[in-house]
Amino acid sequence: MTKKVIVLGEAREGVLRNVSFEAIAAAKKISGGGEVVAILLGDSVQALGNEMIHYGADRVVTVEHPHLKTYTSDGYSQAFMAVVENEKPDAVVFGHTALGKDLSPKVASKLQSGLISDVTDIEGEGDGAVFIRPIFSGKAFEKVKIKEGIVFVTVRPNNIEPLAHDDSRSGDVSSVSVDITNLRTIIKEVVRKSTEGVDLSEAKVIVAGGRGVKSEDGFEPLKELADLLGGAVGASRGACDADYCDYSLQIGQTGKVVTPDLYIAAGISGAIQHLAGMSNSKIIVAINKDPEANIFKVADYGIVGDLFEVIPMLTEEFKKMKSN
Amino acid sequence: MNIYVLVKRTFDTEERIVVSGGKIQEDGAEFIINPYDEYAIEEAIQVRDAHGGEVTVLTMGGEEAEKQLRTALAMGADKAVLINVEDDIDELDQFTSAQILADYLKDKNPDLILAGNVAIDGGSGQVGPRVADLLDINYVTTITKLEINGTQVSIVRDVEGDSEVIETSLPLLVTAQQGLNEPRYPSLPGIMKAKKKPLDEVELDDLDIDEDDVVAKTETIDIYLPPKKEAGRVLEGDISAQVTELVQLLRTEAKVI
Ligand SMILES: Cc1cc2nc3c(=O)[nH]c(=O)nc-3n(C[C@H](O)[C@H](O)[C@H](O)COP(=O)(O)OP(=O)(O)OC[C@H]3O[C@@H](n4cnc5c(N)ncnc54)[C@H](O)[C@@H]3O)c2cc1C
Ligand SMILES: Cc1cc2nc3c(=O)[nH]c(=O)nc-3n(C[C@H](O)[C@H](O)[C@H](O)COP(=O)(O)OP(=O)(O)OC[C@H]3O[C@@H](n4cnc5c(N)ncnc54)[C@H](O)[C@@H]3O)c2cc1C
């Protein structure tokens with residue numbers, strides 16, 4: 001049986017996050033040929049509708065309201081549930097982002113449904129879809145399916161390949177108005193610390209530094225390499241706690257979970273909580289002066305050496321490669 | 001203040017994980033209080049010390065979880081409750097776990113419930129918000145700062161590295177993020193005292209819950225270890241030769257550049 005699947009798109013600073021397109025690709029599989037309807041919530045999101053269609057959604061429903069400008073679980077769940085009541089979907093897909101993690105359990109509770117969180121892969125299609133997710137801090141994986149009721153999953157960013165962008169696709173973008181009342185949470189202020197440029201959770205290349213980087217200045221060579229490769233700089237908890245960089249760069253169980261094509265770990269020992277955030281990366285390079293460091297156990301390639309010597313040499317070598 | 005902390009006994013994921021027959025082998029494994037729940041317990045104790053009241057730690061699980069509850073009592077919680085489902089249920093998911101916890105809590109009138117933001121083994125981060133929704137109280141996840149003034153609550157919340165400054169009110173459920181506090185270790189006198197503190201055990205029969213409410217909606221059909229990576233290649237030779245080789249490998253073998 002084909003399924004009608006709803007996808008919640010997510011925008012940041014007026015731009016749709018890639019995970020929204022990945023969620024559409026997941027929804028297509030789950031639908032088994034059924035309809036994929038994207039939902040956008042915000043104070044001004046109508047203009048983003050077509051982009052969701054270009055990435056494979058069949059139709060878009062938006063809810064615009066001043067109370068949806070910043071995310072609150074009350075505001076977003078009211079808007080989302082109103083659309084769900086109209087649409088009566090068989091399945092729902094969110095991104096496993098801060099917003100998705102906060103909102104999905106509440107919506108699942110209201111739908112009295114199961115919820116499979118942090119999905120990294122989907123096997124099969126339609127009714128036969130089976131979902132794969134990491135467990136035990138990424139040391140193992142489980143295959144899960146929904147036994148009964150609505151199929152509800154959140155997908156980990158950067159794991160499911162989005163469909164090719166096709167700007168010849170067209171579809172209906174309609175809007176629904178919803179009364180949003182009784183917000184129990186008031187957001188006084190959002191202190192943005194995330195750096196400009198590439199979003200860590202969506203970066204294809206990450207150069208990450210740990211306590212071995214030794215100072216704020218020590219991050220400069222890492223930044224230079226990341227810039228050259230069109231990537232982003234990340235960090236371990238150790239580096240953040242030592243004030244070498246901001247917590248917004250933290251990768252791991254507490255920080256961001258990333259899956260780049262290339263992860264270069266410099267001066268990071270490889271604690272399990274760090275690995276939980278990056279061990280799914282396609283290729284891992286470790287640079288550490290301690291040959292016994294745990295990071296070498298997950299690395300594809302390792303260099304035992306001083307990062308202050310190795311990183312600048314790597315940058316030079318990549319420059320040479322690029323100029324050829 | 002009537003404070004509850006949701007505590008999960010978890011597998012210590014720093015230990016080696018053995019899988020056989022599609023299941024995690026628990027024999028001989030180390031079990032701990034979920035680390036994020038330790039932040040929740042610590043915060044609960046600090047709130048109680050500042051505002052008065054009582055901290056109850058609540059776990060759903062089997063008999064073995066008494067050990068983690070005793071540890072929480074030794075840290076300074078006042079009471080512990082174990083919802084022992086061992087004999088009644090073999091399959092549980094986040095839907096049913098939340099149903100059971102919320103059913104226990106529904107007539108306890110908690111002012112504040114603290115949970116961990118995620119369990120390091122199951123890793124879904126669902127149980128806190130689900131319980132709050134079932135109790136029809138507000139929740140704030142991944143908090144790094146909590147200040148209570150009467151029924152007003154100010155919170156700093158971590159959102160992928162950005163911080164939100166939030167105002168809300170009790171009753172409330174919050175989930176703890178690393179950075180909220182430094183959990184204390186149980187002291188020796190704490191451990192002695194904990195032996196005499198109440199640890200109640202209830203079973204599903206003691207709750208007012210229908211069998212339908214505890215039928216899992218999801219099913220794990222397999223658990224497996226990631227395909228073993230070929231042992232990573234630690235390069236050799238002088239550093240500049242290693243760097244040249246690495247760039248070559250990334251380009252031609254790994255094809256990521
Ligand atoms: C509940 C909980 C959650 C956590 N969450 C996270 C998380 O999300 N992310 C995270 O990262 N951590 C997390 N941690 C912390 C984690 O356990 C480690 O403490 C942390 O990852 C260590 O950071 P590090 O590797 O930078 O530092 P260290 O372990 O001190 O390692 C530094 C490394 O640098 C190497 N080094 C030193 N100088 C040089 C040099 N010049 N050149 C090359 N190498 C050098 C050393 O050999 C060493 O291996 C968490 C801990 C707990 C308890
Ligand atoms: C007897 C038993 C049988 C089970 N059978 C199965 C099974 O057949 N298949 C399967 O996949 N899983 C099974 N589980 C695991 C169970 O489904 C999950 O552990 C549970 O749903 C919590 O999900 P999570 O680990 O993702 O926690 P999260 O949602 O990530 O936990 C977040 C927070 O919620 C609170 N919390 C979570 N669980 C509990 C708890 N038990 N008690 C108190 N507070 C809690 C803690 O504060 C925790 O930090 C079983 C567990 C038990 C105890």
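**Reading a shared sheet and two ligand sites**

User: Where do I start with the sheet, and what is its strand order?

Analyst: This is a predicted model. Its open sheet has six strands, paired in parallel, in the order β15(A)-β14(A)-β16(A)-β17(A)-β18(A)-β15(B).

User: Which strands stand at the edges?

Analyst: β15 (232-235) of chain A and β15 (233-234) of chain B. Each has a single partner strand, so one side of each is left without a neighbour in the sheet.

User: How do strands of a sheet pair?

Analyst: They pair through backbone hydrogen bonds, either parallel or antiparallel. Now take a case from this sheet. Strands β16 (residues 262-266) and β17 (residues 283-288), both of chain A, run parallel and are joined by five bridges. A:A266 has A:I287 of β17(A) as its bridge partner.

User: Which strands does helix α5 of chain A touch?

Analyst: Helix α5 (residues 220-228) packs on the sheet and touches β14 (205-209), β15 and β16 of chain A. Its direction makes about 175° with that of β14(A). Helix α9 (residues 307-323) of chain A also packs on the sheet. Helix α9 touches β16, β17 and β18 (301-304) of chain A, and its direction makes about 135° with that of β17(A).

User: Where is the antiparallel case, and which strands of chains A and B pair in that sense?

Analyst: Look at β13 (residues 186-191) of chain A and β11 (residues 162-169) of chain B. They pair over five bridges. A:E189 has B:V165 as its bridge partner in β11(B). β11(B) also pairs in the antiparallel sense with β10 (residues 152-159) of chain B, over eight bridges. There, B:S154 stands opposite B:E167.

User: How many residues lie between β10(B) and β11(B) in the hairpin?

Analyst: Two. In the turn, B:E160 has a positive phi of about 50°.

User: On to the ligands. Why is the site of ligand 1 shared between chains?

Analyst: Residues from both A and B surround ligand 1, so the site is shared. The shell counts 29 residues; A:R211, A:S236, A:I251, A:S269 and A:N288 come nearest. The largest share, three residues, comes from α1(B).

User: Which atoms of A:R211 and ligand 1 make a polar pair?

Analyst: A backbone N or O atom of A:R211 lies 2.7 Å from an oxygen atom of the ligand. Side chains take part too. A polar side-chain atom of A:T254 is 2.8 Å from a nitrogen atom of ligand 1. In the side chain of A:Q273, an N or O atom is 2.8 Å from a ligand oxygen. Taken alone, ligand 1 exposes 1000 Å², and the protein buries 82% of that.

User: How do the residues around ligand 1 divide by class?

Analyst: Seven are nonpolar, 16 polar and six charged.

User: Which residues come closest to ligand 2?

Analyst: B:L6, B:K8, B:D37, B:S124 and B:G125, out of 28 that surround it. By class, the shell has 11 nonpolar, 12 polar and five charged residues. β6 (54-61), α3 (94-105) and β8 (112-116) of chain B each supply at least two residues. The largest share, four residues, comes from β6(B).

User: How far are the polar backbone atoms of B:G116 and B:A119 from an oxygen atom of ligand 2?

Analyst: 2.9 Å for B:G116, and 2.9 Å for B:A119. The side chain of B:Q94 has an N or O atom 3.1 Å from an oxygen atom of ligand 2. Taken alone, ligand 2 exposes 920 Å²; the protein buries 82% of that.

Definitions and conventions: Residues are numbered from 1 along each chain as its sequence is written. Chains are lettered from A and ligands numbered from 1 in the order in which they are written. This is a predicted model: local features need pLDDT of at least 70, side-chain atom pairs count only at pLDDT 80 or more; totals for chains, interfaces and linings use all residues. Side-chain values use heavy atoms; hydrogens and water are left out. A residue is near a molecule or strand if one of its heavy atoms lies within 4 Å of it. A polar contact is a pair of N or O atoms within 3.5 Å; within protein, one must be able to donate a hydrogen and the other to accept it, and residues adjacent in sequence count only if both atoms are side-chain atoms. Accessible areas come from the Shrake-Rupley method with a 1.4 Å probe; for residues, only the protein chains shown count as cover. Ala, Val, Leu, Ile, Met, Phe, Trp, Tyr, Cys and Pro count as nonpolar, Asp, Glu, Lys and Arg as charged, and the others, Gly among them, as polar. Two strands pair if DSSP finds at least two bridges between them. Contact means heavy atoms within 4.5 Å. Axes are lines fitted to C-alpha atoms, for helices over the stretch in contact, and angles run from 0 to 180 degrees between N-to-C directions.
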